[in-house]
Amino acid sequence: ANTFIEAAEKPVLDMPPAQRALVLVSIIVTAIMLNAAAFTVTTILPQMQGAFAATQDEIAWVMTFALLATAITLPLVGWLVPRFGRRRVMLVSIVPFTLSTMFCGLSQSLEALVFWRIVQGAASAALMPLGQLILLDAYPRSRHALVISLFGAANTVGPILGPLAGGWLAENYSWRW
């Protein structure tokens with residue numbers, strides 16, 4: 001009986017406490033940035049509409065296609081992880097997400113913006129489920145409630161900070177920031 005309890009208390013990923021904390025901070029920052037990027041767009045749609053002389057239907061593509069890309073790509077995560085590993089899929093998702101976010105701000109046409117939002121949405125699909133899974137693997141069962149609570153808080157902070165920061169940046173600088 002004690003062997004079972006000891007096995008349940010041992011995390012799947014064996015790492016020193018400092019590395020475990022770094023994993024937690026990295027995944028929390030990723031969750032905040034992902035949600036902030038997704039929800040910032042809702043605040044700056046009017047500025048983007050004016051910048052591209054787009055109709056309301058056309059500017060809605062910016063949100064719609066990103067959500068569709070995420071929805072289409074999400075089931076593929078379950079197929080990609082066993083073939084390439086969690087770490088590789090997570091890292092390969094973070095890089096295009098970050099670059100596509102930058103290219104969204106650099107877009108010179110509505111078509112380019114929609115394209116980069118599709119890339120951003122597709123790249124973001126793996127970040128949330130894999131982030132949660134990595135946290136559960138990095139911490140013992142007795143810490144799961146704590147780390148998932150922190151992860152959940154990060155997923156709440158991003159949608160709050162995104163529109164606030166996006167609105168402030170759009171008013172003081174440009175929607176591109």
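Me: Helices here are DSSP runs of H or I with at least four residues, and they are numbered from the N terminus. In what order do the elements of the protein chain run from the N terminus on?

Reply: This is a predicted model, and its elements read α-α-α-α-α-α-α from the N terminus. In other words, the protein chain has seven helices and zero strands. The C-alpha trace spans about 70 × 35 × 20 Å along its principal axes.

Me: What share of the contacts with a separation of 6 or more comes from residues 24 or more positions apart?

Reply: In the protein chain, residues that far apart account for 78% of those contacts. As for burial, 37% of the 177 residues are buried.

Me: Let's turn to helix packing. At what angle do helix α4 and helix α5 pack, and how far apart are their axes?

Reply: The general idea comes first: a pair of packed helices is described by the angle between the two axes and by the distance between them. In this structure, α4 (residues 86-106) and α5 (residues 110-124) pack at about 155 degrees, and their axes are 8 Å apart. An angle over 145 degrees counts as roughly antiparallel, so α4 and α5 are roughly antiparallel to each other. The crossing in which α4 passes α5 is left-handed.

Me: Which residues in α4 and α5 meet?

Reply: From α4 come S93, P96, F97, S100, T101, F103 and C104, and they meet L113, W116, R117, V119, Q120, A123 and S124 of α5. By type, the residues of this contact of α4 with α5 divide into eight nonpolar, five polar and one charged.

Me: Now the other partner. How do the axes of α4 and α6 cross?

Reply: Those axes come within 10 Å and cross at roughly 140 degrees. That angle leaves α4 and α6 oblique to each other. The crossing of α4 and α6 is left-handed. On the α4 side the contact is made by R86, V89, M90, S93, I94 and F97, and on the α6 side by L127, L130, G131, L133, I134 and D137. The residues of the contact of α4 with α6 fall into eight nonpolar, two polar and two charged.

Me: What about the interior: which residues touch the most other members of the largest nonpolar core?

Reply: A nonpolar core is a set of buried nonpolar side chains joined through atoms within 4.5 Å. The largest one in this model has 24 residues, and V23, I27, L130 and L135 touch the most other members. Two or more residues of this core come from each of α2 (17-52), α3 (56-84), α4, α6 (127-138) and α7 (144-172). With seven residues, α2 gives the most to this core. Apart from it lies another core of 15 residues, including L45, M48, M63 and L113.

Me: L130 was on that list. Which residues does L130 touch, not counting those up to four places away in sequence?

Reply: L130 touches V77, V81, R86, V89 and M90.

Me: Is V77 buried or exposed?

Reply: The cut-off for buried is under 20% relative accessible area, so V77, at 8% relative accessibility, counts as buried. V77 is found in helix α3. Leaving aside its neighbours within four places in sequence, V77 is in contact with A125, A126 and L130. V77 and V89 are twelve residues apart in sequence, and their C-alpha atoms are 8.0 Å apart in space.

Me: And where is T30 found?

Reply: T30 is found in helix α2. With 18% relative accessibility, T30 counts as buried. Beyond its neighbours within four places in sequence, T30 is in contact with I94 and L127.

Me: A charged residue next. Is D137 buried or exposed?

Reply: D137 is buried, since its relative accessible area is 9%. The helix that holds D137 is α6. Not counting residues up to four places away in sequence, D137 touches P11, V12, L13 and R86. R86 is also one of the α4 residues in the contact with α6.

Me: One last feature, the backbone. Which residue has a positive phi although it is not a glycine?

Reply: That is A53, with a phi of about 50 degrees. A53 lies in the loop between α2 and α3. Exposed means over 50% relative accessible area, so A53, with 69%, is exposed.

Definitions and conventions
Residues are numbered from 1 along each chain as its sequence is written. This is a predicted model: local features need pLDDT of at least 70, side-chain atom pairs count only at pLDDT 80 or more; totals for chains, interfaces and linings use all residues. Side-chain values use heavy atoms; hydrogens and water are left out. Axes are lines fitted to C-alpha atoms, for helices over the stretch in contact, and angles run from 0 to 180 degrees between N-to-C directions. Angles under 35 degrees count as roughly parallel, over 145 as roughly antiparallel, 65 to 115 as roughly perpendicular and the rest as oblique. A crossing is left-handed if the near helix is turned anticlockwise from the far one by less than a right angle, and right-handed if clockwise. Contact means heavy atoms within 4.5 Å. Ala, Val, Leu, Ile, Met, Phe, Trp, Tyr, Cys and Pro count as nonpolar, Asp, Glu, Lys and Arg as charged, and the others, Gly among them, as polar. Buried means under 20% relative accessible area, exposed over 50%, partly exposed in between (1.4 Å probe, protein chains only).
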